Amino acid sequence: MAHPQVVIGVDSSTQSTKALAVDADTGRVLGEGRAPHRVDSRHGQESDPAQWWDALTAAVTATGWADRAQALAIGGQQHGLVTLDAAGAPVRPALLWNDVRSAPQAADLVGKFGAHWWATEIGSVPGASFTAAKWAWLRATEPGNADRTAAVRLPHDYLTERLTGTATTDRGDASGTGWWTPDGYHAAVLDRIGLDPALLPAVTPVGTPAGHALPGGPLRPGTPIATGTGDNMAAALGLGLTTGTPVLSLGTSGTVYTVARHRPADPTGTVAGFADALDGWLPLSCTLNCTLAVDRIATLLGRDRQDVEPGGSAVLLPYLDGERTPALPHASGLLHGLRHDTTPGQLLQAAYDGAAYSLLAALDDVLAVDGPEAVDPEQPILLIGGGAQGRAWQDTVRRLSGRPVQLPAARELVALGAAAQAAALLTGERADAVARRWGTADGPVLPALARDDAALERIGTTISQTAVLQGDGPR
């Protein structure tokens, strides 16, 4: 019997690295590996990039196919700022996507150029998560470290460069920096934040290898390495996502996105105008507080995460780490509308509702990038991420959206998307076509529930009042 063509896809996320060895012909997972990351939350949200390399090596080796894989690609957490010195060593711990210390720098960038300028020129209005704001924060608060920096990388770029020795990035992940455009890096943005473009990697064309594995890593020397991409772009590839199909991802962060034909340009900042990893666009809206925030509320209430109850008038906004959507970077959790007869189970359900509300409110804006005619309210939402298998999350999304929900059977979609990218190097296909051939989005469909307009109105009113009180609110 012929041996399968085996590729490895890597998901280097905030908390851990996952690696899948996949049969490039069938999509069957042949081996898996995982290794944890440490996040330092004492001052912001930081990680030592060197541990990502150690975790990647361990996870890839644990698949059992490292010495036989024929290609590899990496999907990595978006936005993170990795600064390297002249020897290629980290200058300081990487600033992660959910580090909000750069909120003042993001506000300065928006104030300097204007939200409409950002939407038109860059496709996104930057928030604290964007890499441009993080570099501006570093330049303002740690000028010595900024001066020592000889290379600026995104997390997946750093790992790809460790594997290949090549400084490279891709259009998808680069579109989350705040300085990338389809025509190249934007000189006015780089000048404003004091970043020399010589410190940035080249954008490798779609379908072109980033390089080949060097000796000393987990792979056979010479193994082709695809460009890789950001985690959301990789998940879209992993689903084989087609234009206009809605996705809601429930993880540490919550995201809604789709693939679009047109470049987004939302001056409110709700919809980020990311590029996908191919030749289209990935309009996306993201929240900072999702499954971990709701689980924290469950722990405070002393209840299992599924132990929710219907009814009640309470609104619970679990903004435990500030919030990105809506733009309330300095917010904290808020409980409103508590009554004598409010039960713990109703409070927990209110936390679910508060976490899901902003994502679902942004969904129509995400889908309307290609025009209002592209919005099909009957189309199921693809529900993915760690929370997707939870009954309480499934019911909350159906009740607040009024849409059916589809549950893809495939797991670890970021790693699968990276594996599809690697397989495309071998087959010459588009990476999304590889994933569709693998059937990764197949899964049961849960029917729609009647939309709970009363809950939506309560939450929306509370968020509006909170924004006014805090002086934050949409840009």
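How many disulfides does a search of the whole structure find? It finds 0, bearing in mind that this is a predicted model.

**View 1. Cys286 and Cys290, two cysteines without a bond.** For Cys286, the closest cysteine sulfur is the one in Cys290, and at 9.0 Å that's too far for a bond. A disulfide would need the two sulfurs within 2.5 Å. Turn it around and Cys286 holds the closest cysteine sulfur to Cys290, again at 9.0 Å. Cys286 is buried, at 6% relative accessible area, and Cys290 is buried too, at 1%.

**View 2. Helix H2 and what packs over it.** H2 spans residues 103-113, with Ala103, Gln105, Ala106, Leu109 and Val110 buried. Looking down the helix axis, those buried residues line one face, because they fall within an arc of 165 degrees. Their cover includes helices H3 (115-121), H4 (131-141) and H8 (187-193). Right after H2 comes Gly114, with a positive phi near 95 degrees.

**View 3. The largest nonpolar core.** This one has 43 residues, and Val7, Leu239, Leu241, Tyr257, Leu282 and Trp438 have the most contacts inside it. Elements giving two or more residues include strands S2 (16-23) and S19 (281-287), plus helices H9 (231-238) and H14 (431-438). Helix H13 chips in the largest share, 10 residues.

**View 4. Around Leu241.** Leaving out residues up to four places away in sequence, Leu241 touches Ala236, Val247, Tyr257, Thr258, Val259, Leu382, Asp432 and Arg436.

**View 5. Another core, apart from the largest one.** This core has 42 residues, among them Ala362, Leu363, Ile459 and Cys290.

Notes
Residues numbered from 1 in each chain as written. Predicted model: local features only at pLDDT ≥ 70, side-chain atom pairs only at ≥ 80, totals over all residues. Heavy atoms only, no water. Buried < 20%, exposed > 50% of the residue type's maximum accessible area, 1.4 Å probe, protein only. Helix = DSSP H or I, 4+ residues; strand = E, 2+ residues; numbered from the N terminus. Arc of directions from axis to C-beta. Contact = heavy atoms within 4.5 Å. Core = buried A, V, L, I, M, F, W, Y, C linked by side-chain atoms within 4.5 Å.
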